[in-house]
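Fire up your viewer and grab a scratchpad. Below are a few exercises to try by hand before you read the solutions.

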Amino acid sequence: MKLYIYILFLATYDYKDVLEKSLLFYEAQRSGKLPSDQKVTWRKDSALNDKGNNGEDLTGGYYDAGDFVKFGFQMSFAITVIAWGVLDHKTGYQTANALDDALKTIKWGTDYFIKAHTSENEFYAQVASGTVDHNYWGRPEDMTMERPAFKITTSAPGSDLAAETAAALAAASLVFQSVDSAYSATLLQHGIQLFNFANTYRGKYSDAFADVRCCYNSSGYEDELVWGAAWLYRATNDNSYLQVIEEVYPTIQYYIGFNWDQKAGGADVSYFSDTLNPSPKPISPPTHTLNVKLQILTLVSCPDAPATCDWTQYSTTDPNPHVLTGALVGGPGANDDYEDVRSDYQHNELMIDLSIIIVYPVYKIVCYDYSTLLQNSLLFYEAQRSGKLPSDQKVTWRKDSALNDKGDSGEDLTGGYYDAGDFVKFGFQMAFTATVLSWGLLDHEAGYSNAGALEDGRKAVKWATDYFIKAHTSEFEFYGQVGDGIADHNYWGRPEDMTMDRPAFKITASAPGSDLAAETAAAMAAASLVFKTVDSAYSTTLLQHAIQLFNFANTYRGKFSDSIDNVRCCYNSSNYNDELVWGAAWLYRATEDNQYLNVVQQEYPTIQYWVGFDWDQKTSGADYSTTDPNPHVLIGALVGGPGANDDYEDVRSDYQHNEVACDYNAAFQGILAMFVELACYDYTTVLQNSLLFYEAQRSGKLPSDQKVTWRKDSALNDKGNNGEDLTGGYYDAGDYVKFGFPMAFTTTVLSWGLLDHENGYQKANSVDDCRKAIKWATDWFLKAHVSANEYYGQVGSGTVDHASWGRPEDMTMERPAFKITTSAPGSDLAAETAAALAAASLVFQSVDSTYAATLLEHAKQLYDFGYNYRGLFSDSITDSQCCYTSTHYEDELVWGAAWLYRATNDQKYLVYVDELYSTVQSMYGFDWDQKFAGAMVSHKGALGRRGILGKHHIQFKTFFFSRKHNQLCNYDIGNTS
């Protein structure tokens, strides 16, 4: 049960400053003769004698990470990605006044690559020995060891390295194309030669020379060939590079990842870009779906005493009596499955280790003017209006049109919306539009309201529903189309000037259209909810039509495109079952009538494995070839946009990508409204509320300033084996066991957040509350640490506790205490608690120096205990295995040593870090049991403090996974832009 609030100031953070400062890292990594405009002035000239085997000048370039090796592969990847960032986000660099520095950063690398490319099929891949360098600790200016140079040749090839460097040079050539055309041409020529070298002489660079394997062992070269070819095609438009892509891509299409060694992700982007897929053959690109569902809401709790609280309350469907906003539950599973039920503890339980990180990456959520965007987007619907236009029409260049639209028996079918660039009124697509528009209004009404667009949103819905009422001419008859799709597509002009016949097409009991009728029922049911509080009579009318239309759909089954032949020119339906489910769901929402749930349950199995939420592909054959500007520009409508292969060109003839249509603009509305609501979210309140979770988890005698007042004193008799006071601390999750290991991890990370982001807590007026949250735990740790080599790691039996349901205040079961000792050790638990106490000592250093000193003293003793007596806590405290079984302790020893070094500056802890780090460097993860990522960050931070980057080190805190703990070029150099 670990909650860590990492507060990020998404709306106010100065990303210009971040960008500017991030480029300084490259200056700190510069090798060779430094320029006069060097800003990182504590870095001096170094490695001025770097030479090739024949005396070639190899000075310059970048050191890789904390070491002083120049690894060409990682350096070239860094330059490729920086150049890519400059090409695609040049405006961002300009806004930050960082473009010139970015160009210098790229050029420092490319100048070196030109030197290292000593002949057409020869390239120096590395300068200095990784093994020797890693045994050196000092400044690069003071190096005296030999610095051998290693190269790839035709007999010792390195396709991965050569192709990556070719990519870097090609990308850089585009960067400098408008700045220094001669230099750009030079870069491109080297890029072309290096790619030919890579493609002709195949092999991995790490097979060419052994020294690099200490740090960077390549897994393959095919992805670099695709990646390099993509960049060369972008730089040259030479189709020979496309041929290489076509040849090699199938060998890597199932790879994943994007880093120095894995270009599959980048290759996918390149392969499926508009420039790299001109072939008309169909290609199915990989799909990347990001589902983020944070469940931050309710703590299941008991009613206030003296009301009974037992398994009866556990099973009740009544609302939770106490709602605690701010804690993070497990949330959706791997398959995005989630149901809010108490029995599903994996997805609904509140735990400190589940709640450990309510963290978003430090990306600025700009408070974009979504209000204006939402307002403008609604104008699209006015431009699509058919019929007699209202007096408040804002798009004044659209005039009355199609005033004679009639049914077979003369029914009035004026109104509604034209579909897209044509002037047919397709009822199915119009109904889907109205459904999704209504959905957006219902779920994000506040967004529309904030944008001053609520009334316009309702008008957009009503223009469609008024038409549907007209089109629904009897219970089992509905006009699904007005206008001939074929005839209309042969017309190019204004709708006001149409003279062709406009036939009307309907569905009936003998010519059914379940999909059309059910979709229209969904639209009218959803709209009935929109107007329920605004115009109850109109809402009732809509709902009555919806009920009849759904009955029509469900009773007379069939596809509308089988009944209305004319529609097949443009919209050929593939099925109707999904609309029956969709329509039934909306009718249930509008009526709460269980018969609609029965339809959902009946039909859903037939569609459960289908995917997508859109309409089938449409065609249009309008004749419009002029290249003159559009006389009317409508800002706000959403065009088709890039295709599946990210191909897009702004030309009228490409209707698939440039046509505006009602259905996908409808979804756009709801999204825009959501952005209006969320653009400047109140993270202050989130932070304040999240800290209340800890109050709800408190055990022991509660303080007078307790805010969660329904939690009372509990477990006041918690004692150790010899009567030691073990009251206090935190209950773990929904249970009432005090598990010391997760509690310690919670405290470490809480302290870390407060140390590194105190300014955030201050802005939220939450510093004091956070300190209290930390101290509630550390006070307990002091009690539990009963002697130097003895520590209570758990109070309460997990098995017994999990069989109980009630309030902690009412517990009557025995609560045994379990400890680690020299004969029953727990290095992981002891070291994690040491980390927590060390981190907390820093938190309280300027607030309560005496308390800070006490915490630090206990931290030292506990770390020594963990280090000297090795073992897993769960092997010693077997009761914990019901819930927490530890896998390692080495990562906690690294983690604890790093925190003690930060708190003490005692070099012995660095020795422990270096000694133990190699045992964890290939592991990954960061949670109560896995400190690998944290250990990497800690180790790197410790290295920075030891002077790896000079007296004035630049410290980066980045979660990363690396093959060699101090080989970080692929993340630090490659991640700046």
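Here come some exercises, each with a worked solution.

This is a predicted model, where local features need pLDDT of at least 70, side-chain atom pairs count only at pLDDT 80 or more, and totals for chains, interfaces and linings use all residues. Residues are numbered from 1 along each chain as its sequence is written, and side-chain values use heavy atoms, with hydrogens and water left out.

**Exercise 1. Work out the strand order of the sheet that holds strand 8, and find its edges.**

Step 1: get the vocabulary straight. Strands (E, at least two residues) and helices (H or I, at least four) are DSSP runs, numbered from the N terminus. Two strands pair if DSSP finds at least two bridges between them. Strands of a sheet pair through backbone hydrogen bonds, either parallel or antiparallel.

Step 2: read off the order. You get an open sheet of three strands, 7-8-9, with antiparallel pairing.

Step 3: look for the edges. Strand 7 (738-739) and strand 9 (817-820) each have a single partner strand, so one side of each lacks a neighbour in the sheet.

Step 4: check the pairing. Strand 8 (residues 791-795) runs antiparallel to strand 9 over four bridges, and Tyr-791 sits opposite Ile-820 of strand 9.

**Exercise 2. Do the same for the sheet that holds strand 5.**

Step 1: the order is 4-5-6, in an open, antiparallel sheet of three strands.

Step 2: strand 4 (425-426) and strand 6 (504-507) are the edge strands, each pairing on one side only.

Step 3: strand 5 (residues 478-482) pairs with strand 6 over four bridges, in the antiparallel sense. Val-482 has Ala-504 in strand 6 as its bridge partner.

**Exercise 3. Find the disulfide and give its handedness.**

Step 1: search for cysteine sulfur pairs within 2.5 Å, the cut-off for a disulfide. The structure holds one: Cys-214 to Cys-215, with S to S at 2.5 Å.

Step 2: compute the torsion. About the S-S bond of Cys-214 and Cys-215 it is about -75°, so the disulfide is left-handed.

Step 3: classify the burial. Buried means under 20% relative accessible area, exposed over 50%, and partly exposed in between (1.4 Å probe, protein chains only). Cys-215 is buried at 3%, while Cys-214 is partly exposed at 28%.

**Exercise 4. Is Leu-389 buried or exposed, and what does Leu-389 touch?**

Step 1: place the residue. Leu-389 lies in the loop between helix 14 (370-383) and strand 4.

Step 2: check the accessibility. Its relative accessible area is 12%, so Leu-389 is buried.

Step 3: list the contacts (heavy atoms within 4.5 Å). Leaving out residues up to four places away in sequence, Leu-389 touches Arg-398, Lys-399, Asp-400 and Trp-463.

Step 4: try a backbone distance. The C-alpha atoms of Leu-389 and Ser-401, twelve residues apart along the chain, are separated by 8.4 Å.

**Exercise 5. Which residues touch the most other members of the largest nonpolar core?**

Step 1: build the cores. A nonpolar core is a set of buried Ala, Val, Leu, Ile, Met, Phe, Trp, Tyr and Cys residues joined through side-chain atoms within 4.5 Å.

Step 2: rank the members. Of the 80 residues in the largest core, the winners are Tyr-93, Ile-106, Phe-113, Phe-195, Tyr-205 and Trp-231. Helix 6 (residues 159-175) gives the most to this core, with twelve residues.

Step 3: don't stop there. A second, separate core of 79 residues includes Ala-764, Ala-817, Ala-852 and Trp-899.
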